[in-house]
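Welcome! Please take a moment to look over the sequence and the 3D view before reading on.

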Amino acid sequence: MSGNTTHRFRNTALLSVSRVEAPVVIGSADLDARLSGVYERVGLRGGLLERLVGIRERRWWAEDATFVEGAATAAAKAISESGVDAAAIGLMVNTSIGRMHLEPSTAVAVHDAVGLSSSCQNFDVTNACLGFFNGIEIAGAMIDAGMTDYALVVNGEDARPVQEATIERLAQPGITAKDVMAEFAAFTLGSGAAAVVIGRSDQHPGGHRIVAGVSRAGTEHHQLCTGDNVVMNTDLKGLLDAGLQLSGDLWAEAATDFGWISGIDRYVLHQVSQVHTDAICARLGLEPDLVPRSFPEYGNIGPVSVPFTLAGQIASLAPGDRVLLMGIGSGLNASVIEIAW
């Protein structure tokens with residue numbers, strides 16, 4: 001029995017992909033300066049975010065803006081670029097990790113801000129950093145099933161609250177170097193938004209066909225990274241090791257079947273760090289020059305990072321290129337989506 005879950009799409013195409021950059025640039029040097037007293041007290045050196053992780057800066061939304069507004073802006077941009085009438089969109093999936101409330105869904109706020117029709121079904125799908133993958137898969141399956149003609153998948157994330165709260169918490173008495181490292185991953189996060197519009201391949205021959213989705217679960221590792229709006233605790237080495245093993249197992253089972261061993265033109269990875277990217281490339285035998293990197297300037301934007309990075313590659317992709325969207329999400333889950341550009 002296969003250890004992967006595989007779905008091949010019949011008639012689904014990506015019509016547009018857009019991104020919105022949060023406007024406030026926060027350098028790693030800025031965070032180091034705010035943490036300098038903490039580092040000195042616990043005996044750690046600053047500079048790890050840039051020197052080891054490879055993240056020079058990340059973005060925050062302005063104080064008077066929310067990630068919902070960012071998501072709505074990305075959604076409106078994607079709709080405009082797709083050429084699809086907003087009234088024809090029958091499904092909107094919001095995949096943000098961040099939430100303004102437990103109830104109602106974040107999707108309703110985005111739906112209202114975009115001005116989608118009352119006939120547009122909308123809901124949240126969250127799965128750590130793989131939510132956007134799942135949103136694409138759900139939308140594609142519903143299009144293939146004839147449940148809707150067009151779907152919008154959208155995401156906005158905001159790193160400011162957890163990073164501000166983490167700085168304040170680490171400044172408290174009694175904090176140790178171990179405590180700092182357990183929460184270190186919070187400082188790799190960034191803010192941003194992205195959206196895609198999906199439709200039928202036979203109605204949009206110029207679209208980018210969504211070929212298949214493959215995923216694999218390793219949920220025995222669900223305690224390696226946990227977080228909410230104010231705290232994020234991560235076993236950095238344990239998460240990396242388990243993620244590499246899970247991705248390697250997925251790849252070993254699927255790569256030959258799908259012909260991924262050769263002929264892939266772009267690998268769009270979930271953006272975590274330089275260490276993570278180098279390790280994935282080495283483990284799976286990916287050509288590093290075909291792996292674009294957005295994390296040095298934008299950090300890890302959670303589920304936004306893959307569509308955000310893909311949007312930055314549009315000008316360099318040609319019709320017929322094979323593109324793999326690849327990610328690992330806390331939990332753990334690993335996913336790959338193949339697109340025929």
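The report below starts with one helix and its surroundings, then turns to some backbone details.

## Meeting helix α3

A good place to begin in this predicted model is helix α3, which covers residues 67-82. The helix has 16 residues and reaches 22 Å from its first C-alpha to its last, close to the 22 Å expected at 1.5 Å a residue. Right after α3 comes Gly83, which has a positive phi of about 80°.

Which residues of α3 are buried? They are Phe67, Val68, Gly70, Ala71, Ala72, Ala74, Ala75, Ala78, Ile79 and Ser82. These buried residues pack against several elements: the strands β2 (12-21), β5 (89-94), β7 (150-157) and β8 (192-200), together with helix α4.

## Where α3 meets α4

Let us look at that helix partner. Helix α4 spans residues 106-114, and its axis comes within 9 Å of the axis of α3, with the two crossing at roughly 50°. An angle that is neither under 35 degrees nor in the range 65 to 115 nor over 145 counts as oblique, and α3 and α4 are therefore oblique to each other. The crossing of α3 past α4 is right-handed.

On the α3 side, the contact is made by Phe67, Val68, Ala71, Ala72, Ala75 and Ile79. From α4 come Thr106, Ala109, Val110, Ala113 and Val114. Sorted by character, the residues of this contact are 10 nonpolar and 1 polar, with no charged ones. Phe67, Val68, Ala71, Ala72, Ala75 and Ile79 are also among the buried residues of α3.

## Two cis peptide bonds

Now follow the backbone into the loops. Where does Pro104 lie? Its place is the loop between β5 and α4. A cis peptide bond joins Pro104 to Glu103, with omega at about 0°.

Another cis bond links Gly331 and Leu332, and here omega is about -10°. Leu332 sits in the loop that runs between β13 (322-329) and β14 (333-340).

## A positive phi at Ala128

One more backbone detail is worth finding in the 3D view. Ala128 is not a glycine, yet its phi is positive, at about 50°. To locate Ala128, look in the loop between β6 (121-124) and α5 (131-144).

Is Ala128 buried, partly exposed or exposed? Its relative accessibility is 24%, so Ala128 counts as partly exposed; the buried class would require a value under 20%.

Definitions and conventions: Residues numbered from 1 in each chain as written. Predicted model: local features only at pLDDT ≥ 70, side-chain atom pairs only at ≥ 80, totals over all residues. Heavy atoms only, no water. Axes fitted to C-alpha atoms, helices over the stretch in contact; angles between N-to-C directions. Helix = DSSP H or I, 4+ residues; strand = E, 2+ residues; numbered from the N terminus. Left-handed = near helix turned anticlockwise from the far one by under 90°. Contact = heavy atoms within 4.5 Å. Nonpolar A, V, L, I, M, F, W, Y, C, P; charged D, E, K, R; others polar. Expected span 1.5 Å × (residues − 1). Buried < 20%, exposed > 50% of the residue type's maximum accessible area, 1.4 Å probe, protein only.
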